[in-house]
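Colleague: I have a model open on my screen and would like to learn how to read it. Could you walk me through a few features?

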Amino acid sequence: MHHDAYATLRVNHEAGIARVTLDNPPVNVLDVALMADLRRLLTGLRDDESVRVIVFDSADPDFFIAHVDMALVDAPDAFDGLAADTPDGVNVFQALGELLRHQPQVTIVKLAGLARGGGAEFVTAADMAFAAIGRAGIGQVEALMGIVPGGGGTQYLADRIGRNRALEVVLGAELHDARIAERYGWINRAVPADELDDFVDRLARDIAALPEGVIAAAKRAIVPADLAEGFLREHDAWAGQIVRPAAEQLIRGGLAHGAQTRDGERDLESLLRTLAG
C-alpha cells in the first residue's frame with residue numbers, strides 16, 4: 001500500500017510496517033504543515049490493525065527534524081488551527097509528542113542526521129530510537145533562544161535520562177552525538193552509519209512478525225509515565241520565557257543570520273551563542 005496524501009511525508013506500508021519518511025525542505029523544520037501531517041498520520045493509523053510497527057526516517061541525510069519553525073515569532077497564531085483540537089492539559093507541541101508516545105503501534109526513529117528542539121522531542125517521544133555513529137546529532141537548543149523546551153522535552157528527558165543530565169542537556173544546549181546519546185540513555189543504541197538501515201529494518205520486521213497480541217500486551221504492561229503535572233509546569237515555564245523581549249530578539253536574530261538554512265543549521269549552536277554573547 002502506498003500513501004501519497006501528505007505534503008511533507010512519504011508513507012509506504014508493507015508486511016505490517018509503515019515506513020514514514022519526513023520530507024519538508026530545506027531542513028525539515030517542524031512547521032504547521034509537518035505537524036498537521038504527522039498528527040493526521042498517527043491518528044489515521046491508530047485503529048489500523050494491519051500496521052504493527054511505524055518507522056520514521058528522513059529524506060534529508062543531514063536533518064531529521066531541525067526544530068520547531070522559528071518563524072513562529074512572526075506568526076504567533078499559526079498553530080491556532082491545530083491547537084483547537086488539542087486535548088486539555090497540553091499545548092499543541094506537547095500534544096504531538098503525546099500522540100506519538102501513546103501510539104498503539106511500536107514506533108521507531110532511525111536518526112541519521114540532526115534533531116534539535118522539537119525534533120529532539122519527537123525522537124524522545126518514540127518508543128525506540130537508533131542513531132548513526134558519526135552522522136546523527138540530538139540536542140535541546142532552546143536555551144540559546146532565551147526559552148526552554150515546550151513540547152515535552154523537559155519531561156521526557158527527566159524521565160529518560162534523569163534530572164541531572166536533563167539539566168545538562170537543557171541548559172548546556174549542546175548537540176550530542178550518537179555515542180553520548182546512547183551512554184546517557186537518550187536513545188536505544190548508536191549503530192555504525194552503514195549498518196543503521198539493515199539494523200532497524202531487521203528489528204522492525206522481527207517485531208511485526210510476532211504472534212498476534214504480543215505487541216499490544218507488551219505496550220499494556222510497559223506503559224509511558226504519567227507526565228501530566230510536568231507538562232503544565234513545562235508549558236508555564238516556556239510561555240513565561242517566549243514573551244520576553246530577549247527571546248524574540250534572539251529568535252529573530254537567528255533567522256536573520258541563517259537559522260533554518262542548510263548552512264546555518266549545520267552549526268546552529270555556535271550561531272546562537274554568538275548572538276547571545
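**Reading helix H5 and its surroundings**

Modeller: Happy to! This is a predicted model, and we can begin at the end of a helix: H5 is followed by Gly162, which has a positive phi, near 95°.

Colleague: Which residues of H5 are buried?

Modeller: Gly153, Thr154, Gln155, Tyr156, Leu157 and Ile161 are the buried ones in H5. Their cover includes H3, H4, helix H6 (163–172), helix H7 (178–184) and H10.

Colleague: How do I describe the way two helices pack?

Modeller: Two packed helices are described by the angle between their axes and by the distance between those axes. Here, take H5 (residues 153–161) with H10 (residues 228–242): the angle is about 135°, and the axes lie 8 Å apart.

Colleague: What word fits the arrangement of H5 and H10?

Modeller: Angles over 145 degrees would count as roughly antiparallel, and 65 to 115 as roughly perpendicular. An angle of about 135° falls in neither range, so H5 and H10 are oblique to each other. On the H5 side the contact is made by Gly153, Thr154, Gln155 and Tyr156, and on the H10 side by Gly230, Phe231, Arg233 and Glu234. Sorted by class, the residues of this contact are 2 nonpolar, 4 polar and 2 charged.

Colleague: Now for empty space. How many cavities of 30 Å³ or more does the structure hold?

Modeller: There is 1 cavity of that size, and the volume of the largest cavity is about 50 Å³.

Colleague: Which residues line the largest cavity?

Modeller: The lining is formed by Leu30, Val68, Phe93, Leu96, Gly97, Gly118, Glu121, Phe122 and Gly151. Helix H3 (92–101) and helix H4 (118–125) are the elements that give two or more residues to this lining. H3 and H4 also help to cover the buried residues of H5. By class, the cavity lining has 5 nonpolar, 3 polar and 1 charged residues.

Colleague: Let me try a single residue. Where is Arg189 found?

Modeller: Arg189 is in strand E11 (residues 189–192).

Colleague: Why does Arg189 count as partly exposed?

Modeller: The class between buried and exposed runs from 20% to 50% relative accessible area. Arg189 has 42%, so this residue is partly exposed.

Colleague: And which residues does Arg189 touch?

Modeller: Leaving out residues up to four places away in sequence, Arg189 touches Ala129, Phe130, Ala131, Glu182 and Phe199. You can also check a backbone distance: the C-alpha atoms of Arg189 and Arg179 are separated by 8.0 Å, with the two residues 10 apart along the chain.

Conventions. Residues are numbered from 1 along each chain as its sequence is written. This is a predicted model: local features need pLDDT of at least 70, side-chain atom pairs count only at pLDDT 80 or more; totals for chains, interfaces and linings use all residues. Side-chain values use heavy atoms; hydrogens and water are left out. Axes are lines fitted to C-alpha atoms, for helices over the stretch in contact, and angles run from 0 to 180 degrees between N-to-C directions. Helices (H or I, at least four residues) and strands (E, at least two) are DSSP runs, numbered from the N terminus. Angles under 35 degrees count as roughly parallel, over 145 as roughly antiparallel, 65 to 115 as roughly perpendicular and the rest as oblique. Contact means heavy atoms within 4.5 Å. Ala, Val, Leu, Ile, Met, Phe, Trp, Tyr, Cys and Pro count as nonpolar, Asp, Glu, Lys and Arg as charged, and the others, Gly among them, as polar. On a 1 Å grid over the protein atoms alone, a cavity is a set of points where a 1.4 Å probe fits but cannot get out, and a pocket is an open set with protein on both sides within 12 Å along at least five of seven lines; lining residues have an atom within 4 Å of a point. Grid points are joined across faces, edges and corners, and a volume is the space filled by probe spheres set on the points. Buried means under 20% relative accessible area, exposed over 50%, partly exposed in between (1.4 Å probe, protein chains only).
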